[in-house]
Amino acid sequence: NNKIRVGIAGYGNLGRGVESAISQNEDMTLVGVFTRREPVDVQLLSDQVPVHKLDEIESFKDDIDVLILCGGSKNDLPEQGPALAKHFTTVDSYDTHAKIPEYFASVDEVAQAAGTTAIISVGWDPGLFSINRMMGEAILPEGETYTFWGKGLSQGHSDAVRRVDGVKAGVQYTLPAEDAMNRVRNGELPELSTKEKHTRECYVVLEEGASEEQVRETIVTMPDYFADYNTTVNFITEEELRRDHAKMPHGGFVIRSGKTGESTDQVIEFSLKLDSNPEFTSSVLVAYARAAHKLQQKGDTGAKTVYDIAPGLLSPKSPAEIRKELL
Ligand code: API
């Protein structure tokens, strides 16, 4: 049969989510998981799927149609994105918004030369929210766009916290400012700075001997992640982290509030309520993996973002089926 053969690079929360999502998509099969850890130490959901060392992945070139990159944006993807696009058609969830243009260029150069297709920055934000921001602007040129997240656990910010020297483990919650959110929902079109829309709350387990003050300072001043926000850092024990912070819910919304004609109000709202941020992000990655494979087969290569992908390519159904059933 002609199932799309998928590989996973990196097996944390996202990798596990991708494994689980693939099992819900009959046109796909998971051929292997690739890890920097010792393969015997990696426990998959399924015992049917082999685990290999990531540095041996090149020898699987002919066995994988699409590789889903499940590493973090802060340290893993800037290196792995271009390195793996050299040999594989890839999908990733690079989410450092300010550095996406730079990351796109580095992946595009490699993918163009290698003839692979690489869809970057896939997920819900960046991803589904980005599409809705763009549609709002295109359809209602006179208006304002607002994005609110949470309350929820940001994987990107949690990953960034865990990379800080002296941090053993930790999570980050994004909290929307209720008053700002209500003003937007009431159609007020307020001008809001980054700080006025969200605050950030971190729960951190320190390494033995690490300094609270130093860790706090490194986190709250971190560019692209925390510097522009009011951030609080709480120090907790490993047991408290396991007990109180194991769930990873998230969500939020994009609102475009605009006017047509003389002064006709029009509001577009797209919202998500997620019990598991990683499982949802993974599900988006898997749908885009299907699109990446179709593009690659058509010879449409190079780096892409969600803006470049026609929605029908995400579906396992044929264009004729989609027209008949969903239009
Ligand atoms: C936040 C959002 C999260 C977006 C979703 C995803 C993640 O600050 O909570 O990191 O979980 N930017 N990029």
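Tutor: A salt bridge is a side-chain nitrogen of Lys or Arg within 4 Å of a carboxyl oxygen of Asp or Glu. The structure holds 16 of these salt bridges. This is a predicted model in which local features need pLDDT of at least 70 and side-chain atom pairs pLDDT 80 or more, while totals for chains, interfaces and linings use all residues. Residues are numbered from 1 along each chain as its sequence is written, and side-chain values use heavy atoms, leaving out hydrogens and water.

Student: What makes the contact between Glu 269 and Arg 185 a salt bridge?

Tutor: The N to O distance between their side chains is 2.9 Å, which is within the limit of 4 Å, so the pair qualifies. Glu 269 sits in strand 13 (residues 264-274) and Arg 185 in helix 6 (residues 178-185), so the bridge ties together parts 84 residues apart in sequence. Helices (H or I, at least four residues) and strands (E, at least two) are DSSP runs, numbered from the N terminus.

Student: Why is Glu 269 called partly exposed?

Tutor: Buried means under 20% relative accessible area, exposed over 50%, and partly exposed in between (1.4 Å probe, protein chains only). Glu 269 has 40% relative accessibility, so it counts as partly exposed. Its partner Arg 185, with 45%, is partly exposed too.

Student: And why does Arg 243 count as exposed?

Tutor: Arg 243 reaches 55% relative accessibility, and that is over 50%. Its side chain meets that of Asp 244 in a salt bridge of 2.8 Å, N to O. Asp 244, at 42%, is partly exposed. Elsewhere, salt bridges that share partners link Arg 36, Asp 76, Asp 159 and Arg 163 in one network.

Student: Let's turn to the ligand. How do you know that Thr 174 has a polar contact with Arg 200?

Tutor: A polar contact is a pair of N or O atoms within 3.5 Å; within protein, one must be able to donate a hydrogen and the other to accept it, and residues adjacent in sequence count only if both atoms are side-chain atoms. The side chains of Thr 174 and Arg 200 are joined at 3.1 Å, and those of Thr 174 and Gln 172 at 3.2 Å; both values are within 3.5 Å, so they fit. An N or O atom in the side chain of Thr 174 also lies 2.5 Å from a ligand oxygen.

Student: Why is Thr 174 called buried?

Tutor: Thr 174 lies in strand 9 (residues 167-176). Its relative accessible area is 1%, under the 20% cut-off, so it is buried.

Student: What makes up the shell around the ligand by class?

Tutor: There are two nonpolar, seven polar and three charged residues. Ala, Val, Leu, Ile, Met, Phe, Trp, Tyr, Cys and Pro count as nonpolar, Asp, Glu, Lys and Arg as charged, and the others, Gly among them, as polar. The residues around the ligand (a heavy atom within 4 Å) include Trp 124, Asp 125 and His 157. Helix 5 (residues 155-162) gives the most to this shell, with three residues.

Student: One last point: why is Tyr 307 called partly exposed?

Tutor: The relative accessible area of Tyr 307 is 43%, which falls between 20% and 50%, so the label fits. Tyr 307 lies in the loop between strand 14 (302-304) and helix 11 (319-326). Asn 2, by contrast, is exposed at 79%, in the segment before strand 1 (4-9).
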